[in-house]
Amino acid sequence: MSFRSVTWVSRQLRSALQGSTAAALQRDSASLASQQVTWSRMSFGAGLAAAGLATFVTSLPQADCAPAMEKGQAPPINLAKAGFAVPKTSRKIVFVLGGPGSGKGTQCSRLVAEYDLVHLSAGDLLRAHMKSGTTDGQMVADMIKNGQIVPSYVTVNLLDKAMADSGKTQFLIDGFPRNEENRAAFEKTGMEPEFILFFNCPEAVMEKRLMGRNEGRTDDNAETIRKRFKVFLESSMPIIDYYNKQGKVRKVDADRDPSTVFIVDLLRSNGVLGPRGCRKATHIGTGLVYLLFWPLYSPGPSAKFVCATVPGLATFYFWMVGIGACRDKSLLERSTRSGQRQELLKGPLWYGLAHTLLTVAFWRTSPSGITAIAMLCAGDGAAEGFGRRYGRGNPLPHNSQKTWAGSTACLIFGFLAAVAYIQTAAYLGLLQPQQPFGSIVATSAIVSLASAAAESLPVGEWDNVVISLVAATSARLLYGC
Ligand SMILES: Nc1ncnc2c1ncn2[C@@H]1O[C@H](COP(=O)(O)OP(=O)(O)O)[C@@H](O)[C@H]1O
Ligand SMILES: O=c1ccn([C@@H]2O[C@H](COP(=O)(O)OP(=O)(O)O)[C@@H](O)[C@H]2O)c(=O)[nH]1
């Protein structure tokens, strides 16, 4: 479609909507009364359509993001084979550490059979490398036989290559880093672990398991096992202590038959498995799609209440599931990090309440509510996505959990969404009073700056409330309505 025809279509749409809105506003009371009946039907219809669409939007990501193997779908496309390199910084890495024989490899294998994770055992990679026939290979063979730690340049290269070849983004790295040199060399590559799974197991239990492993390994003999335990205590435990100080260690009690589910829960609650993508897509998409329906409602005074019933009912449902009055596993999967129903009573509940209250308090005649919803959805949503992907190593000075990349994304995407939505409302003649484009741009810029600052604060689960309040208040002060 050419630019001229797009312009023509948009002009027709505008004049049709403006005409009907203006006409509806100007009609005398008798004809307005009869119009109201039609409009209330339309409002109801639009409400139902919005509710349907909101349900559709929230169900979409579930299909996209749940682990493929879990749903019996075809395995995901291998991006490396398809010719796309996955950037190092977008890799999500979990280090699996613990003494020799603590069960790291066993648990990792069980996990990868079910989930879209790649298990990279540093020991396995080194054992494969020692058969390569190179001088390095011979050195690795000797070092493994003596329970020594192979120099980082060999291990880090093998790990990096294996990650790139997999074409995937989520990795369980088992048995690495084993000492300070390993850790420093890995972090120099720009990659950082999300967290560390530490398999805690008594030496006697590990020794018994190793002696019964029977995999023909050159190092599973009493003498080397003793050396490996010593190396683990002297060189590897300090690494676990190092990450512990950063709050990154998740301890697994490995002296029992640890069910896979236990580790799965740890991975889920730390955002490695499961529906983070779904959560974000829902966070960004629901509000922005909801706003698209606002022009369809009647100019009558009850329209905003009808419109607010959509997020209102959804919020009520969140609350019902959150308190345990209803069960909805798929809602928990796509709306929470931990899969725990109580989490619905925090961020998701406030998200829904913010939409409901902003609709009723401001409605489409004021740019303030639209601005706040745009900031909450596009700004806050983009902040998390960009922060995780590009923010590593550049934390904000006042909050180490947030990054410059996240705050910049919040500012830019919040601003763009606010300008786009308010300008559309202005174009359709919905705002009262009308706002000139210059004022929309200037106000959106200031509000998005304030919202990005609010988003960067260490307010935990209150972030949806804080960003909505700051955006709505600053927009209200600047627009005056
Ligand atoms: N929870 C467990 N209980 C009993 N035996 C286990 C357990 N986990 C692993 N094993 C056995 O112990 C041995 C060492 O396990 P493995 O996963 O190879 O340890 P790691 O990778 O930590 O060296 C294997 O023979 C494995 O079958
Ligand atoms: O990052 C690593 C991982 C393993 N190894 C060597 O490989 C051996 C076996 O390690 P693996 O993780 O396979 O077995 P585990 O000791 O956990 O049973 C170790 O003792 C080390 O000699 C190493 O040097 N660096």
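**Notes on the predicted chain and its two ligands**

1. Let's start with the overall make-up. The chain has 18 helices and seven strands. Please keep in mind as you read that this is a predicted model. Of the 481 residues in the chain, 38% are buried. Among contacts between residues at least 6 apart in sequence, 77% join residues at least 24 apart.

2. A few strand pairings are worth tracing on your screen. Strand β1 (residues 92–98) runs parallel to strand β4 (residues 193–200), and six bridges join them. In this pairing, valine 94 stands opposite phenylalanine 195 of β4. Strand β4 is also joined to strand β5 (residues 249–253), again in parallel, by five bridges. Here isoleucine 196 has valine 249 of β5 opposite.

3. Next, the surroundings of ligand 1. The shell holds 13 residues, and the closest are Gly103, Lys104, Gly105, Thr106 and Arg209. Helix α3 (residues 104–114) provides the largest share of this shell, three residues. By character, the shell around ligand 1 has seven polar, four charged and two nonpolar residues.

4. Ligand 2 deserves its own look. Around ligand 2 there are 19 residues, with Pro100, Ala122, Gly123, Val150 and Gly175 the closest. Helices α4 (122–130) and α5 (135–145) each supply at least two residues of the shell. Of the elements involved, α4 gives the most, with three residues. The shell around ligand 2 divides into eight nonpolar, eight polar and three charged residues.

5. Now for the packing. The largest nonpolar core has 59 residues, and Ala374 and Ala471 touch the most other members. Many helices take part: α11 (276–292), α12 (303–323), α13 (329–335), α14 (347–362), α15 (367–390), α16 (404–427), α17 (437–455) and α18 (463–479) each supply at least two residues of this core. A second core, separate from that one, has 38 residues, including Phe95, Leu125, Ile149 and Leu159.

6. One residue of the largest core is a handy place to zoom in. Which residues is alanine 374 in contact with, leaving aside its neighbours within four places in sequence? They are Gly414, Ala417, Ala418 and Tyr421.

7. If you have time for just a short tour, I would suggest three stops. Begin at β4, which is joined by six bridges to β1 and by five to β5. Then visit the two ligands, with 13 residues around ligand 1 and 19 around ligand 2. Finish at Ala374 and Ala471 in the largest nonpolar core.

How values were computed: Residues are numbered from 1 along each chain as its sequence is written. Chains are lettered from A and ligands numbered from 1 in the order in which they are written. This is a predicted model: local features need pLDDT of at least 70, side-chain atom pairs count only at pLDDT 80 or more; totals for chains, interfaces and linings use all residues. A residue is near a molecule or strand if its C-beta atom, placed from the backbone, lies within 6 Å of it. Helices (H or I, at least four residues) and strands (E, at least two) are DSSP runs, numbered from the N terminus. Ala, Val, Leu, Ile, Met, Phe, Trp, Tyr, Cys and Pro count as nonpolar, Asp, Glu, Lys and Arg as charged, and the others, Gly among them, as polar. Two strands pair if DSSP finds at least two bridges between them. A residue is buried if 20 or more other C-beta atoms lie within 10 Å of its own, exposed if 12 or fewer, and partly exposed in between; C-beta atoms are placed from the backbone. Two residues are in contact if their C-beta atoms, placed from the backbone, lie within 7 Å. A nonpolar core is a set of buried Ala, Val, Leu, Ile, Met, Phe, Trp, Tyr and Cys residues joined through C-beta atoms within 7 Å.
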